[in-house]
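Let's take a walk through a protein model together. Have the chain in view and follow along as we go.

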Amino acid sequence: MLFSRPSDTGTAKDHGTGTPGTPGTPGTPGARDASGTPGTAASAGSSGADRLRAIELLGSVRYGRLAISMRALPFLAVARHLVIEDRVVLRMHRGLGFHESCDGSVVAYGADNFNTPAPGGTEDLWSVQFTGPVEIMDPGPGQRERFGTGPAEVNGEHFDPVYLRLDPRLAHMHTLTFDASPSGRTRSVT
């Protein structure tokens, strides 16, 4: 069964530096969104638990897909990511020029665990997507170290990293739940 749970990310905690997230729930007095500005209305059906879970799931995988517009056409690009202080920090290859199309734009970034299901197909599968503005950034040495080593080459060119910061304004989480009961599983007969 497929569930869609839209949410915003105004109360997610930092999953890497130990810094607490922005206080408050969007749509309430004193609330702040992911950029630290006063929040507006929360997405329908969102909850703090869903926002935290979406951020937690994103932090459990290393790569995702960035949806951008290049020359007025939709385009997907693969990126390495970290969750730092309620934001998604992306690392891409500078030589491809994708970062220039992203800087100052609103993009979507998604990740999933579809390529790593548990044996037997009984583990829940999930996908998350975050939407918000992006800007080029220069992370500190500690943040760069957390990304680990990059590829040696990208399309035959030496890998030259560039970093982007996505400030999530919306988050969507989808889960595929499998029936783990004996009647829902196929058994082998010997």
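Here is a short tour of some strands and one helix residue.

Some ground rules: this is a predicted model, where local features need pLDDT of at least 70, side-chain atom pairs count only at pLDDT 80 or more, and totals for chains, interfaces and linings use all residues. Residues are numbered from 1 along each chain as its sequence is written, and side-chain values use heavy atoms, leaving out hydrogens and water.

Start with strand 6, residues 125–137. Helices (H or I, at least four residues) and strands (E, at least two) are DSSP runs, numbered from the N terminus. Two strands pair if DSSP finds at least two bridges between them. Strand 5 (residues 106–112) pairs with strand 6 in the antiparallel sense, over 7 bridges. To see one, look for valine 107, whose bridge partner in strand 6 is glycine 132.

Strand 6 also pairs with strand 10 (residues 170–176), again antiparallel and over 7 bridges. Here serine 127 faces histidine 174 of strand 10. Then there's strand 9 (residues 161–166), which runs antiparallel to strand 6 and is joined to it by 4 bridges. Methionine 137 has tyrosine 163 in strand 9 as its bridge partner.

Now hop over to glutamate 56, which sits in helix 1 (residues 48–59). Is it buried or exposed? Neither, quite: glutamate 56 is partly exposed because its relative accessibility is 42%, where buried means under 20% relative accessible area, exposed over 50%, and partly exposed in between (1.4 Å probe, protein chains only). The C-alpha atoms of glutamate 56 and valine 83 are 8.7 Å apart, with the two residues 27 apart along the chain.
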